[in-house]
Amino acid sequence: MTKKISGMLGVKYGFTLRRRYAEVILRRRAKYYCPKCQAGVLKRVSVGIWQCRKCGYKFAGGAYEPFTKTGRATLRISKVA
């Protein structure tokens, strides 16, 4: 799958950048679940904005994935306090 994604760039930019590009695209296209209704129908509206197709819940997240490591750590800290 990564060869097909990074193949869009052709032989340009070098192996490392094509691999990173493929990883980002795969994270963006992955299936994510809505935090409100738990349906697997999240769609990226724009950079950092995600919306559930089922319930319409819209929230801010990461640029390429809705839940980032920093966001998860923040939630853990805020639940303790």
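Select C34 to begin: at a relative accessibility of 0%, this cysteine counts as buried, where buried means under 20% relative accessible area, exposed means over 50% and partly exposed lies in between, as found with a 1.4 Å probe and protein chains only. Before you go on, note that this is a predicted model, in which local features need pLDDT of at least 70 and side-chain atom pairs count only at pLDDT 80 or more, while totals for chains, interfaces and linings use all residues. Residues are numbered from 1 along each chain as its sequence is written, and side-chain values use heavy atoms, with hydrogens and water left out.

**The cysteines**

Keep C34 selected and add C37, whose sulfur is the closest cysteine sulfur to that of C34, at 3.7 Å, which is too far for a bond. C37 itself is partly exposed, with a relative accessible area of 29%. Now add C52, which holds the closest cysteine sulfur to that of C37, again at 3.7 Å and too far for a bond. How many disulfides does a search of the whole structure find? The search finds zero, a disulfide being a pair of cysteine sulfur atoms within 2.5 Å.

**The salt bridge**

Next, select R27 and E65 and show their side chains, which meet in a salt bridge with a distance of 3.2 Å from N to O. R27 lies in helix 2 and E65 in the loop between strand 3 (58–60) and helix 3 (69–80), so the pair ties together parts that are 38 residues apart in sequence. Helices (H or I, at least four residues) and strands (E, at least two) are DSSP runs, numbered from the N terminus. A salt bridge is a side-chain nitrogen of Lys or Arg within 4 Å of a carboxyl oxygen of Asp or Glu, and the structure holds one of them. In general, side chains of opposite charge can pair when their charged atoms come close. Both partners are partly exposed, R27 at 34% relative accessibility and E65 with a relative accessible area of 22%.

**The positive patch**

Select R28, R29, K43 and R53 together, and you will have a patch of positive charge on the surface. Such patches are made of residues with over 30% relative accessible area and no salt bridge, with like charges joined within 9 Å. Within this group, R28 is in helix 2, which covers residues 15–29, and R28 is partly exposed at 32%. K43 is found in strand 1 (residues 42–46), and K43 is likewise partly exposed, with a relative accessible area of 40%. If you draw a line between the C-alpha atoms of K43 and R53, you will find them separated by 6.9 Å, although these residues are 10 apart along the chain.

**Two residues with a positive phi**

Most residues other than glycine have a negative phi. Which value does Y13 have for its phi? Select Y13 and you will find a positive phi of about 75°, although the residue is not a glycine. Y13 sits in the loop between helix 1 (2–6) and helix 2, where it counts as exposed at 55% relative accessibility. Then move to Q38, which is also not a glycine and has a positive phi of about 60°. Q38 lies in the loop between helix 2 and strand 1, and Q38 is exposed, with a relative accessible area of 53%.

**Distances to draw**

Return to helix 2 and select R19, which has its place there and is partly exposed at 40% relative accessibility. From the C-alpha of R19, draw a line to that of P66, which is 21 Å away in space and 47 residues away in sequence. A second line can run from R28 to T68, whose C-alpha atoms are 12 Å apart while the residues are 40 apart in sequence.

For the last stop, select F59 in strand 3. Is F59 buried or exposed? F59 is buried, with a relative accessible area of 12%. Add I49 to the selection, and the C-alpha to C-alpha distance between F59 and I49 is 5.9 Å, with their positions 10 residues apart in sequence counted as the separation.

How values were computed
Patch = residues over 30% accessible without salt bridge, like charges linked within 9 Å, V, L, I, M, F, W, Y side chains within 5 Å. Areas by Shrake-Rupley, 256 points an atom, 1.4 Å probe, with all protein chains shown as cover. Lys, Arg positive; Asp, Glu negative; His and termini not counted. Charge placed at Lys NZ, Arg CZ, Asp CG, Glu CD.
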